[in-house]
Amino acid sequence: MSMEQEVQLAKQGDREAFIRLMRQMEQGLYNTARAMVKKDEDIADALQETILKAYKSLDTLREPSFFKTWVFRILINECSSILKKRSRSVTMEALPETQDTSDNMASVELRMAVDKLEDQQRIVVVLYYFQDMPLKQVADTLQISESAVKTRLYRARKTLMEEIQPAEEGKMNHESI
């Protein structure tokens with residue numbers, strides 16, 4: 001069954017259809033929340049509030065094909081709200097959470113570099129690369145233009161290259177060239 005059909009069922013009051021929709025999106029929502037707020041308890045709060053708000057406001061969704069974008073927008077707003085409520089400093093105990101369970105050091109290094117990006121760049125990278133959203137959907141989700149998404153991706157890639165390449169070249173930085 002397609003996502004649009006599931007959304008229609010959920011809008012008609014089928015709780016199981018809504019649960020199936022959330023399960024399909026669960027990992028992507030978790031990864032996005034993790035990229036934004038980092039702390040497990042904040043991730044859980046953001047996900048819980050997102051699911052509750054999506055369920056309660058499902059009747060306001062006009063176009064079922066935009067369900068995924070709509071839910072991610074709710075999540076991003078929740079994460080932003082959480083970030084505003086707490087201090088912006090990252091404690092040392094929060095850093096190990098950024099490591100993946102895989103043994104692939106390159107992916108761990110990339111993930112850590114992405115986590116260091118400023119918020120606007122990080123969320124665009126997470127949605128585009130880790131959630132495989134097309135540019136248009138990222139733009140719709142963040143309520144910005146596609147050109148703004150492209151600009152943020154460009155700047156993020158540039159920052160990531162500067163962050164990762166020196167590590168690969170024996171800690172050689174761009175100033176020594």
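# Exercises on a predicted model

Glu78 is buried, with 10% relative accessible area. Keep this residue in mind, as the first exercise returns to it. Please remember throughout that the model is predicted.

## Exercise 1: a bridge with a buried end

Find the salt-bridge partner of Glu78 and describe where the two residues sit.

*Solution.*
- Step 1. The partner of Glu78 is Lys53, and their closest N and O atoms are 2.4 Å apart.
- Step 2. This pair links distant parts of the chain, with Glu78 in helix α4 and Lys53 in helix α3, 25 residues apart.
- Step 3. Now compare each end with the cut-offs: buried means under 20% relative accessible area, and exposed means over 50%. Glu78, at 10%, is therefore buried. Lys53 has 38% relative accessibility, so this lysine counts as partly exposed.

## Exercise 2: two further bridges

How many salt bridges does a search of the whole structure find? Work through the pairs Lys116 with Glu163 and Lys136 with Asp140.

*Solution.*
- Step 1. The search gives 5 salt bridges.
- Step 2. Between Lys116 and Glu163, the closest N and O atoms are 3.1 Å apart. Lys116 belongs to helix α5 (residues 105-116) and Glu163 to helix α8 (residues 146-168), so this pair ties together parts that are 47 residues apart in sequence.
- Step 3. Lys116 is exposed at 58% relative accessibility, while Glu163 is partly exposed at 36%.
- Step 4. The side chains of Lys136 and Asp140 meet at 3.4 Å, N to O. Both residues lie in helix α7, 4 residues apart, which is about one turn of the helix.
- Step 5. Lys136 has 48% relative accessibility and counts as partly exposed; Asp140, at 32%, is partly exposed too.

## Exercise 3: the largest pocket

Work out what lines the largest pocket, and explain why it lies between domain 1 and domain 2.

*Solution.*
- Step 1. Begin with the volume of the largest pocket, about 250 Å³. The lining has 14 residues, and the closest to the pocket centre are Met36, Ser80, Asp119, Gln120 and Ile123.
- Step 2. Sort the lining by residue class: 6 are nonpolar, 2 polar and 6 charged.
- Step 3. Trace the lining back to helices. At least two residues come from each of α4 (67-85) and α6 (119-130), and the largest share, 5 residues, is from α4.
- Step 4. Finish with the domains. Both domain 1 (1-87) and domain 2 (104-166) give residues to the lining, so the largest pocket lies between them.

## Exercise 4: positive phi angles

Locate Lys38 and Asp132, give the phi value of Lys38 and of Asp132, and decide whether Lys38 is buried or exposed and whether Asp132 is buried or exposed.

*Solution.*
- Step 1. Recall the background: most residues other than glycine have a negative phi.
- Step 2. Lys38 has a positive phi, near 70 degrees, and is a residue other than glycine. Its place is the loop between α2 (15-37) and α3 (40-56).
- Step 3. Asp132, also not a glycine, has a positive phi of about 55 degrees. Asp132 lies in the loop between α6 and α7 (135-142).
- Step 4. Apply the cut-offs of Exercise 1 once more. Lys38 is buried, because its relative accessibility is 15%. Asp132 is exposed, because its relative accessible area is 64%.

Note on methods. Residues numbered from 1 in each chain as written. Predicted model: local features only at pLDDT ≥ 70, side-chain atom pairs only at ≥ 80, totals over all residues. Heavy atoms only, no water. 1 Å grid on protein atoms, 1.4 Å probe; cavity = no way out; pocket = protein on both sides within 12 Å on 5 of 7 lines; lining within 4 Å. Points joined across faces, edges and corners; volume = space filled by probe spheres on them. Nonpolar A, V, L, I, M, F, W, Y, C, P; charged D, E, K, R; others polar. Domains from an automatic or database assignment. Buried < 20%, exposed > 50% of the residue type's maximum accessible area, 1.4 Å probe, protein only. Salt bridge = Lys/Arg side-chain N within 4 Å of Asp/Glu carboxyl O.
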